[in-house]
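Here are my notes after a pass through the model, point by point. Have it open while you read.

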Amino acid sequence: MSTRNSQASKSAARERIRAERERQKKKEKTRRQLVVGASVVGVLAIAAGIGFGIMKLTAPTGWEAAAEAKSVQPAHTQGKNGTEILIGDPKAKETLEVFEDVRCPACAAFEQSTGPELVKDIKEGRFKVRFTMYSFIDGLSGGEGSKNALSALGAALNVGPDAFLKFKTALYSAKNHPEETDDVYAKDSALLKVAAEVPELKGNKAFENAVTKGTYDRWAMDMTALFGRKGVKGTPTFMHGDKKLVMDRIPQQQMTQAQYNQLSLNNFKKMIDKEFGPAKGIQKGEKDPTAGGKGIQKGEKDPTAGH
């Protein structure tokens, strides 16, 4: 073999070795890029997973979520966000406004002694009543019973005004109404147990589902956001237009519960008669035959005092 041929062969061999090395380098680089890329994707996936987990942990729940939910307004409501609960004969010329909180003990005392008279006035068309329901006791005493009961009242109102009035009466009754510090109405089961006393609500699956699913939770939040409307920050409060109506206070004095209830009723009638004129069947200047009795047993809840 000539020297020239030998050199050419060696040169060709070196070129093949160099080309193979370049090929191996490119292959290794590609492999490293794939590994790094996969690692980055893995890290991003983990980070995304952690972010999603944090987002889930910090996502609003309960009443915080309700405040951000879409509002579902009960039937038989009107006004902005359906927060006007106006019950009574549309032809009634006057409107009495009643402000209450379901957990309020003074409201319960009023409802137990005078609630039937208020309903009677509504039925007779003496006036319409706009109910504004608050939940400030949830903040004062802790809990969520006022809001939860209001949401359930929304479900009852969706059934009908009568169902609403009867359910409210049952919630405030001496048999069912808890102590102010006992957040019983935060439990749906407690509300449904009381609702079973109302014919329109007993066994009503649509009503029960609305209570357990919190269908009217956002509506309840919108309603309680009216706190302070017309300057009212205590319950029970009664307004006629911009005028706050005031019942005579019951003196602190020994008496039976029946006597207390009668006096409370008389004071309510007196307040209403003074504002709206005598009730049907009682002529102006004529004494109410149910009037009489005075005093309140020490420690009794006075519904005329507000909360």
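1. Let's start with a helix pair. In this predicted model, helix α5 (residues 145-159) and α9 have axes that come within 8 Å and cross at roughly 115°. With that angle, α5 counts as roughly perpendicular to α9, because the class takes in 65 to 115 degrees. The crossing of α5 past α9 is right-handed.

2. Which residues make up the contact between these two helices? On the α5 side they are K147, L150, S151 and G154. Facing them in α9 are D217, W219, A220, M221, M223 and T224.

3. K147 is worth a second look. Besides meeting α9 as part of the α5 set, K147 lies over the face of W63, with 5.7 Å to the ring centre. If you're checking cation placement over rings, that's one to pull up.

4. Now follow α9 the other way. Helix α9 covers residues 217-224 and lies across β1 and β3 (128-134). Against β3, α9 runs at about 100°. So α9 has α5 as a helix partner and also touches the sheet through β1 and β3.

5. On to the sheet itself. What is the strand order? The sheet is open, has 5 strands and reads β1-β3-β2-β4-β5, with mixed pairing. The edges are β1 (85-87) and β5 (243-245): each has a single partner strand, so one side of each is left without a neighbour in the sheet. On average, neighbouring strands here are turned by 30° against each other, direction ignored.

6. At the β5 edge, the partner is strand β4 (residues 237-240), and the two pair in the antiparallel sense over 3 bridges. To find the register, look for H240, which stands opposite K243 in β5.

7. There's a second helix pair to go through. Helix α3 (residues 105-123) and helix α10 (residues 257-276) have axes that come within 9 Å and cross at roughly 45°. That angle makes α3 oblique to α10. The α3 passage over α10 is a right-handed crossing.

8. For that interface, α3 brings A109, F110, S113, T114, E117, L118 and D121. The α10 residues they meet are Y260, N261, S264, L265, F268, K269 and I272.

9. Last, the aromatics. How many aromatic pairs are there? With ring centres within 6.5 Å as the cut-off, the count comes to 9 aromatic pairs. Ring pairs also link F99, Y134, F136 and F227 into a cluster. Y134 is the final residue of β3 as numbered above.

Definitions and conventions. Residues are numbered from 1 along each chain as its sequence is written. This is a predicted model: local features need pLDDT of at least 70, side-chain atom pairs count only at pLDDT 80 or more; totals for chains, interfaces and linings use all residues. Side-chain values use heavy atoms; hydrogens and water are left out. Rings of Phe, Tyr and Trp (its six-membered ring) pair if their centres lie within 6.5 Å; planes under 30 degrees apart count as stacked, over 60 as edge-to-face and the rest as tilted. A charge sits over a ring if NZ of Lys or CZ of Arg is within 6 Å of the ring centre and within 35 degrees of the ring normal. Two strands pair if DSSP finds at least two bridges between them. Helices (H or I, at least four residues) and strands (E, at least two) are DSSP runs, numbered from the N terminus. Axes are lines fitted to C-alpha atoms, for helices over the stretch in contact, and angles run from 0 to 180 degrees between N-to-C directions. Contact means heavy atoms within 4.5 Å. Angles under 35 degrees count as roughly parallel, over 145 as roughly antiparallel, 65 to 115 as roughly perpendicular and the rest as oblique. A crossing is left-handed if the near helix is turned anticlockwise from the far one by less than a right angle, and right-handed if clockwise.
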